[in-house]
Amino acid sequence: MTHHDSGSEQPGHIPVGDNRWLLVAVAGVLAFVAMLDMNIVNVALADIADGLHVSAATAQWAVLAYQLPVVALMLPVGRWLDGAGTRSAVLVSTAGFGLCSALAAAAPWAAWLIAARLAQGAFGAALFVLMPVLAMRSVRPELRGRAMSVPATLGPLGAVTGPAVGGLLVDHFGWHSVFLVKIPFCLVGLGVAWKAMPRDGRLRRPDRRSLVDALLVATGVAVLLLTLTLASDDPAWLGLALVAVPPLWWWLRGPGGRPVTGVLRISGLFRAHGAVLALAAGFAAMHYVVALHLQRDGGVSATTTGLTVLAFPLGMGLAGPLGGRLADRYGARPVAVTGAALTAAGLLLLIPLGDGWSSWEVAWRLALAGVGMGLNGGPTQALVMSTAPPDRIATVGSTVQLARSLGFTLGPALATTVWGLTGPGNGVHAGLALAATAACLAVPLMARSGRPPAPAPEQTTDAAHT
């Protein structure tokens with residue numbers, strides 16, 4: 001049994017002998033809320049357009065204004081938060097996120113709403129980076145699989161359930177409610193973090209170099225995100241991606257990008273990030289194609305379609321805690337590979353989808369894929385975060401979250417492009433084949449392990465050893 005002086009512990013680490021599962025729960029709830037916001041507003045756009053007397057295109061910015069800074073600022077925020085006080089960062093980002101939700105709900109004009117959503121996206125980027133860091137630092141190393149499975153499962157569940165929750169709220173309480181619903185969760189998170197998290201330093205003010213890096217990355221990633229969004233309607237927009245090359249290249253070659261690429265050169269991290277992106281893209285493409293096919297080609301009602309596709313998050317929610325426990329007992333990598341293989345199997349079984357299939361036949365395949373994603377999420381997160389150097393945990397948290405977010409965006413865009421290129425007769429099968437191929441690609445990426453990284457001395461202070 002090894003003990004360490006409190007003075008040797010890293011900022012934000014939990015004191016000796018403690019496992020603060022309440023903080024892990026906070027990480028999961030805030031991950032759910034941040035991902036919920038990626039999709040919950042979509043179903044309220046028509047009501048927002050009518051309520052604020054703007055066009056549908058303008059109302060669409062209620063979604064894009066959140067998504068753009070979330071994806072664009074993840075890497076700069078991760079670099080900024082390395083070495084910063086975790087408690088201060090959680091309190092500021094949670095409070096800012098909740099305040100912006102209130103401002104968005106109170107918006108009298110479209111410009112007010114868009115500004116509030118842009119600010120909320122910046123705080124959301126910080127939440128995305130912080131949640132796996134908080135979960136990791138709240139328990140001992142031998143329990144990280146279980147801890148990481150909480151935000152890794154609840155986050156994607158928020159993305160999947162967003163449209164259903166949003167529809168219910170809009171029908172009963174109006175469009176303002178899709179913003180207000182997140183405030184109670186933020187208040188609970190603030191209260192728990194304030195009382196339970198150890199004081200570990202203040203946030204440092206971003207320097208000029210950090211601001212320049214943020215501008216370069218935000219410009220490049222925002223252009224890529226806009227390209228994928230526009231290309232879903234017209235593949236010709238893919239050429240716009242060339243505009244993103246110069247700012248991202250300057251950042252990668254500069255003092256801000258070199259530490260990030262250096263961290264990712266650690267054995268296995270590049271492949272693990274590729275697996276995360278591939279699985280997210282496969283899931284998002286499948287979700288888009290199946291929902292569209294059931295309603296448009298299968299004549300299934302919106303309610304039945306919603307219940308059918310909920311089989312995926314149900315399987316994921318049930319398997320997520322199990323994946324964490326198995327990872328703690330047998331190791332993160334074999335459990336993550338098994339989960340990726342099950343997801344690929346479920347998506348492969350969907351390729352022969354035809355008009356004669358019942359909702360049940362679709363649902364059990366989706367449930368199988370969901371079980372795989374549940375088994376994969378927490379172990380993958382634990383594998384990546386445990387490999388990160390102690391002083392670069394937030395950076396690695398930001399890169400893996402960026403990979404997942406880009407996958408969620410890339411999947412539907414590619415599925416739409418493939419559907420359009422192959423024609424209406426073969427579009428469904430082509431889209432599902434694309435989704436299954438992406439998931440299959442994740443299996444060897446996750447299975448190939450390189451040399452284990454040399455343990456850093458600071459890693460012994462991540463949490464208590466008993």
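**Exercise 1.** How are helices α16 and α19 oriented to each other, roughly parallel or roughly antiparallel?

*Solution.* The structure is a predicted model, and the reasoning starts from its helix axes. The axes of α16 (residues 332-348) and α19 come within 8 Å and cross at roughly 165 degrees. Because angles over 145 degrees count as roughly antiparallel, the two helices are roughly antiparallel to each other. In this arrangement α16 passes α19 in a left-handed crossing. The contact draws on residues of α16 including Ala336, Ala340, Ala344 and Leu347, and on residues of α19 including Ala435, Ala439, Val443 and Met446. Sorted by class, this contact has 14 nonpolar residues, 1 polar and 1 charged.

**Exercise 2.** Work out whether the end-to-end distance of α19 agrees with its number of residues.

*Solution.* Helix α19 covers residues 427-447, and its 21 residues, at 1.5 Å a residue, should span 30 Å; the expected span is 30 Å because the rise is multiplied by one less than the number of residues. The end C-alpha atoms of α19 are 31 Å apart, which agrees. As for burial, the buried residues of α19 include Gly427, Leu432, Ala438 and Ala442, and among them are also Ala435, Ala436, Ala439 and Met446, four residues that take part in the contact with α16.

**Exercise 3.** Determine how α5 and α9 pack, and describe the residues that join them.

*Solution.* Helix α5 (residues 86-105) and helix α9 (residues 183-196) have axes 9 Å apart and pack at an angle of about 160 degrees, so α5 is roughly antiparallel to α9. The crossing of α5 past α9 is left-handed. From α5 the contact includes Arg87, Leu91, Phe97 and Ser101, while α9 contributes Ile183, Cys186, Leu190, Ala193 and Trp194. These residues divide into 10 nonpolar, 3 polar and 1 charged.

**Exercise 4.** Place Gln381 in its helix, and decide whether the residue is buried or exposed.

*Solution.* Gln381 lies in helix α17, which runs over residues 359-387. The 29 residues of α17 should span 42 Å at 1.5 Å a residue, and the end C-alpha atoms are 42 Å apart, which agrees. Of these 29 residues 21 are buried, so α17 is largely enclosed by the rest of the structure. Gln381 has a relative accessible area of 3% and is therefore buried, since buried means under 20%. Leaving aside residues up to four places away in sequence, Gln381 touches Pro132, Met148, Ala152, Val400 and Arg404.

Technical notes. Residues numbered from 1 in each chain as written. Predicted model: local features only at pLDDT ≥ 70, side-chain atom pairs only at ≥ 80, totals over all residues. Heavy atoms only, no water. Buried < 20%, exposed > 50% of the residue type's maximum accessible area, 1.4 Å probe, protein only. Contact = heavy atoms within 4.5 Å. Axes fitted to C-alpha atoms, helices over the stretch in contact; angles between N-to-C directions. Parallel < 35°, antiparallel > 145°, perpendicular 65-115°, else oblique. Left-handed = near helix turned anticlockwise from the far one by under 90°. Nonpolar A, V, L, I, M, F, W, Y, C, P; charged D, E, K, R; others polar.
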